2 protein chains.
Amino acid sequence: MAPRAATRSLHAQVIEEIGESIVSGALQPGDALPGEAQLATQMAVSRTVLREALKVLAAKGLIETRQKTGMRVRDPRHWNHLDADVLAWRCAAMPTDDFVDKLVEMRAIIEPAAVAAAARRREPAQLEAIGAALEAMEESTTLDEWAVADLHFHEAVLAATNNELLSSLFGVIEAALGTFFVMSARTAKNFKYALPHHRAVYEAIRRRRPNEAAAAMQAMIADSRANMRKGKKSG
Amino acid sequence: MAPRAATRSLHAQVIEEIGESIVSGALQPGDALPGEAQLATQMAVSRTVLREALKVLAAKGLIETRQKTGMRVRDPRHWNHLDADVLAWRCAAMPTDDFVDKLVEMRAIIEPAAVAAAARRREPAQLEAIGAALEAMEESTTLDEWAVADLHFHEAVLAATNNELLSSLFGVIEAALGTFFVMSARTAKNFKYALPHHRAVYEAIRRRRPNEAAAAMQAMIADSRANMRKGKKSG
DNA sequence: AAAACATATTTGTACGACAAATGACAAGTT
DNA sequence: AACTTGTCATTTGTCGTACAAATATGTTTT
C-alpha cells in the first residue's frame, strides 16, 4: 500500500482519506472538522494542498465551509451519491447489505431501460460493434477472454444508447457493483451460461424492439442474480 | 450580475467560468489550456485560487493535468454528466434539442421506478408526509401554493423510496428539467389539472402497489408532456 | 434589557520559492 | 544512419508566510 500511496499526488491522498472518513461514518454529519491549520499539520501537508482537497470534497457535497464557523460534515441528503469517488468510498467501507440492494435496484432500473434505448436509437456502426463483441463472446475459450468480450459488449450497448446521461449512470453503478460480486464456482466452470441472454438482447436491438430488449435484459438480470455470490473481490 | 458575482467566492467564479467554457464547447476536447501562471493572470486571480478551481474541474472529469504537458480538456466520455454543476452548465449554454430529449428520457425511466420503489418500501411516516403534501395541493388556491405543495409532494415521494441513489438521480434530473419548462398559459389557468394523477400515485403507494404506482406516474408524465411548453424560464 | 460595538478566530486570497516530473533536444555510441 | 543516453527547460506539485474578509462571541453603551 505504501508505495502506491507515494505515487499519487498528495491532494488525492488527502481527498481520499477525509472522504472515506466521512462516507464510512467515522465523521458524523454535523461534526465540525478541525480548523484548516490544525488539520494540515495533523495530516502533514501544507494548508495549500489541504485546501485543494477540501474544495473537491465540498464540490462533492460532503462538507461545507463558512468563515469563522469552520468546516462541518454535511447531511448525507446533500452528498453527490452518484459521484464515482463517493460510491467507491462507500464500497471500500464496510457497506451494509441494504446498500448493495440499492445498487442492485438501480441496475434493475437502468439496464433494461438502456437496452431499450439502444434498440430505439442504435446506429448501424454501433450495432456492428455489439455484434462483434457478441461474436467474441461466442468464440471465447477462457474465462478471461469471456470477461473481456463481455465488457466490450456492455460498452458497445452503452454507446448505442446515444444518451451520455444514461451511460454515465450505467457506468458508475456497474463499477460499484463490480466491487461486490464475484463469479461463483459453478458459474466460473460454465462461464458461457449467459450467452443466450446476450444473444437475445442483441437480436432485440438489431430488430429495433425496445420492449423485447428490456425483457431479455430483465431475464438476464434475474438469471445472473441466482448465479452470483456475494463477497468482496480478492483483487 | 456584477453584484451577485461579487458575493460568491473567487474560486466558485473561476470554476463556473472555465466549466461553462468547456461544457458549452468553447473549449474543445483535447484543447490545451494555458499554463497555470498565464491563466491566473488572465483571469486576474492568484494561482492558489486558480488551482483550487482546477482541482474541482478535474474531479468532475472535465480536465486532466500532467506535469510538463499542462492541462487538457478531456473527452466528454469522461465527464461526470450527472454532476449537478455540469448539468447546470449544459442547461445554461444553448443546448441542443436532443439534450432536452435525453433529460426527458431519463425522467421517463426514473420517475415510474421511483414511485414503484416508494410503493414497495415506504414507511408509515413517509406515507403520511406524502398524504399531507397531497392535501395541501388539493387545498391550494393559488399557483404559488400549488407549486410549493407539488414540490413537497415530490420530495416526500423521493424520501419514501429509501434509496438515496435514486433520489439523488431524481434530484439532478428534475433540477435540470426545471430550467427548460414553464407552464403554458392554459396550464397556469388550470393549474390543478394534474391533481388526479397525484392522487392516483398516492393511492398506489398507500396500497403498496408498485406496478400501479408506476403506471400512474407514466400517465402523469404523458399528460404533462402535452401541457408543457418548451422554453427558457424567465427567472 | 437591548442595541451597538470591539475583538478574536477562522476561512479566503495572494505571493514567492523550491521540488518533482517529463517532454524535448543534444551528444555520444554502435 | 539509427539508437541510446543524458542534460536541460518547462510545467505542475508542494510549501510557508502574510494579509484580507467575514463573523461568532463577548463587551460596552444606552
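Visitor: How many nonpolar, polar and charged residues does the surface near DNA strand D have?

Guide: This is a predicted model, in which local features need pLDDT of at least 70, side-chain atom pairs count only at pLDDT 80 or more, and totals for chains, interfaces and linings use all residues. Side-chain values use heavy atoms, with hydrogens and water left out, residues are numbered from 1 along each chain as its sequence is written, and chains are lettered from A and ligands numbered from 1 in the order in which they are written. A residue is near a strand if one of its heavy atoms lies within 4 Å of it. With Ala, Val, Leu, Ile, Met, Phe, Trp, Tyr, Cys and Pro as nonpolar, Asp, Glu, Lys and Arg as charged, and the others, Gly among them, as polar, the surface has four nonpolar, ten polar and nine charged residues.

Visitor: Which residue of chain B has a side-chain N or O atom 3.1 Å from a phosphate oxygen of DNA strand D?

Guide: A polar contact here is a pair of N or O atoms within 3.5 Å. B:Glu36 places a polar backbone atom 3.2 Å from a phosphate oxygen of the strand, and B:Lys55 places a polar side-chain atom 3.4 Å from one. The side chain at 3.1 Å belongs to B:Thr65.

Visitor: How far apart are the C-alpha centres of domain 1 and domain 2 of chain A?

Guide: The domain bounds come from an automatic or database domain assignment. Domain 1 of chain A covers 2–78 and domain 2 covers 95–230. Their C-alpha centres are separated by 36 Å.

Visitor: What kind of axis relates the two copies?

Guide: Superposed by least squares on the C-alpha atoms of residues with pLDDT of at least 70 in both, chain A fits chain B with an RMSD of 0.1 Å after a turn of 180 degrees and a shift of 0.1 Å along the axis. The copies are therefore related as by a two-fold rotation axis.

Note on methods
Polar contact = N/O pair within 3.5 Å; in protein donor to acceptor, adjacent residues only side chain to side chain.
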